[in-house]
Amino acid sequence: AKQRGRNNVQFYTADLQARMSRLMELENALRTAIEHNELCLYYQPQWALVGQRLTGFEVLLRWQHPTLGSISPAEFIPVAESSGQIAQIGHWVLKQGLAQLARWRHKGLDTLLAINLSAVQFRSTDLAEQIAELLESYQIPPECLELELTEGTAMEDPAQARLQLSSLRQLGVRLAIDDFGTGFSSLAQLRHFPVDTLKIDRSFVQDIDHDQGSADMVRSIIQMAHNLGISTLAEGVETARQLQLLQQLECEAIQGFLWGQPLDCASAETLLASKNSA
Ligand code: C2E
Ligand code: CA
Ligand code: CA
Ligand code: CA
């Protein structure tokens, strides 16, 4: 048993070392990702359930490295957060996203872009100023930008979050709470957040058609949001059955593979053009 215990420690150590060196590799590679043009944005359509109307796109970051291949934002965003690189990357995403929106608007294509804010970005004291500058330089009406922060980020320090949300709200941008249901918001706290949209986390949405607990959870999130005058968007809708249930629960909007994968910018533009002229 003792021998085996020692082997476990060795395996554990080897595994830990492998993970550490992967983290360091990513952190190093990230340093030059922007200048080497390895980052790009994808756009996932968001739809109003009534009339199946395209309302906007969520901006999703992609990283294609020449030797490491394509790396998921779920893996590299946390690395960038702990190294501090997220400040630069987050700003790059806002700038590229708004630049793209400006190009679409020049072609007469109107839409909304939803952009993710990381926890570190959300805490930075000059965030509202950065966003005001970008909106100004690309001549984007503030209501065409929705900023998403996760429920977890909002709840780290609810009092501080309320202040930051109000200063963003004063710019006229829209605000969304992302991954809702995974954190521990109370109704009392949510009531004080000036947000427009609750995005119901995919983990509930994917189970609503076979798990009563998830269906009840989604129902009460939607009711609570509506009582507070907040609109709801269900994430990760993959099946017609999920869609039907969400319709019954009077969810306003969806996003998911059923009605649209994340698209590169040319495909997003084609979709947008077909919907704008319809
Ligand atoms: P998220 O903000 O919850 O984004 C939704 C994720 O769900 C995206 O994964 C999207 O591709 C995926 N998804 C959408 N519809 C479906 C569906 O029907 N089924 C399934 N299985 N998945 C679906 P992605 O692009 O890999 O992004 C993962 C996470 O990385 C995001 O989760 C977000 O937290 C983070 N992220 C992505 N881009 C950015 C960014 O620009 N800034 C920050 N801070 N975080 C980002
Ligand atoms: Ca999001
Ligand atoms: Ca989400
Ligand atoms: Ca999520």
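Of the 22 residues around ligand 1, those that come nearest are Q44, L61, R62, E238 and F257 (near: a heavy atom within 4 Å of the molecule). The model is predicted; local features need pLDDT of at least 70, side-chain atom pairs count only at pLDDT 80 or more, and totals for chains, interfaces and linings use all residues. Residues are numbered from 1 along each chain as its sequence is written, chains are lettered from A and ligands numbered from 1 in the order in which they are written, and side-chain values use heavy atoms, with hydrogens and water left out.

Ligand 1 also makes polar contacts (N or O atom pairs within 3.5 Å; within protein, one atom must be able to donate a hydrogen and the other to accept it, and residues adjacent in sequence count only if both atoms are side-chain atoms). An oxygen atom of ligand 1 lies 3.2 Å from a polar side-chain atom of E58. For N116, the distance from a side-chain N or O atom to an oxygen atom of ligand 1 is 3.3 Å. For D178, a polar side-chain atom is 3.1 Å from an oxygen atom of the ligand. Alone, ligand 1 exposes 800 Å², and the protein buries 81% of that (Shrake-Rupley accessible areas, 1.4 Å probe; for residues, only the protein chains shown count as cover).

E58, N116 and D178 also serve a metal site. Together with E148, these residues are the protein donors of the calcium ion (ligand 2), at 2.1 to 2.3 Å. Donors are N, O and S atoms within 2.8 Å of the metal, or 3.2 Å for Na, K and Ca; water is not among the atoms, so sites may look incomplete. Along the chain, the ligand 2 donors are spaced E-x57-N-x31-E-x29-D. E148 lies in strand β5 (residues 145-150) and D178 in strand β6 (residues 174-180), so this pair ties together parts that are 30 residues apart in sequence. Strands (E, at least two residues) and helices (H or I, at least four) are DSSP runs numbered from the N terminus. E148 and D178 are both buried (under 20% relative accessible area; exposed is over 50% and partly exposed in between; 1.4 Å probe, protein chains only).

The second calcium ion, ligand 3, is held by D178 (OD), D179 (OD) and two OE entries from E235, at 2.2 to 2.5 Å. Its donors follow the spacing D-D-x55-E. D178 bridges the two calcium ions, ligand 3 and ligand 2, which lie 3.8 Å apart. D179 lies in β6 and E235 in the loop between β8 and α11, so the pair ties together parts that are 56 residues apart in sequence. D179 counts as partly exposed, at 24% relative accessibility. E235 counts as buried, at 10%. Its loop runs between β8 (231-234) and α11 (240-248). Beyond four places in sequence, E235 touches D178, D179, K199, I200, D201, R202, V205 and Q255 (contact: heavy atoms within 4.5 Å).

The strands that carry donors are paired (DSSP finds at least two bridges between them). Strand β4 (residues 112-116) runs parallel to β5, joined by 4 bridges. Here A114 stands opposite E146. β5 pairs with β6 in the parallel sense over 5 bridges, and E146 stands opposite R174 there. β5 is mostly covered, with 5 of its 6 residues buried.
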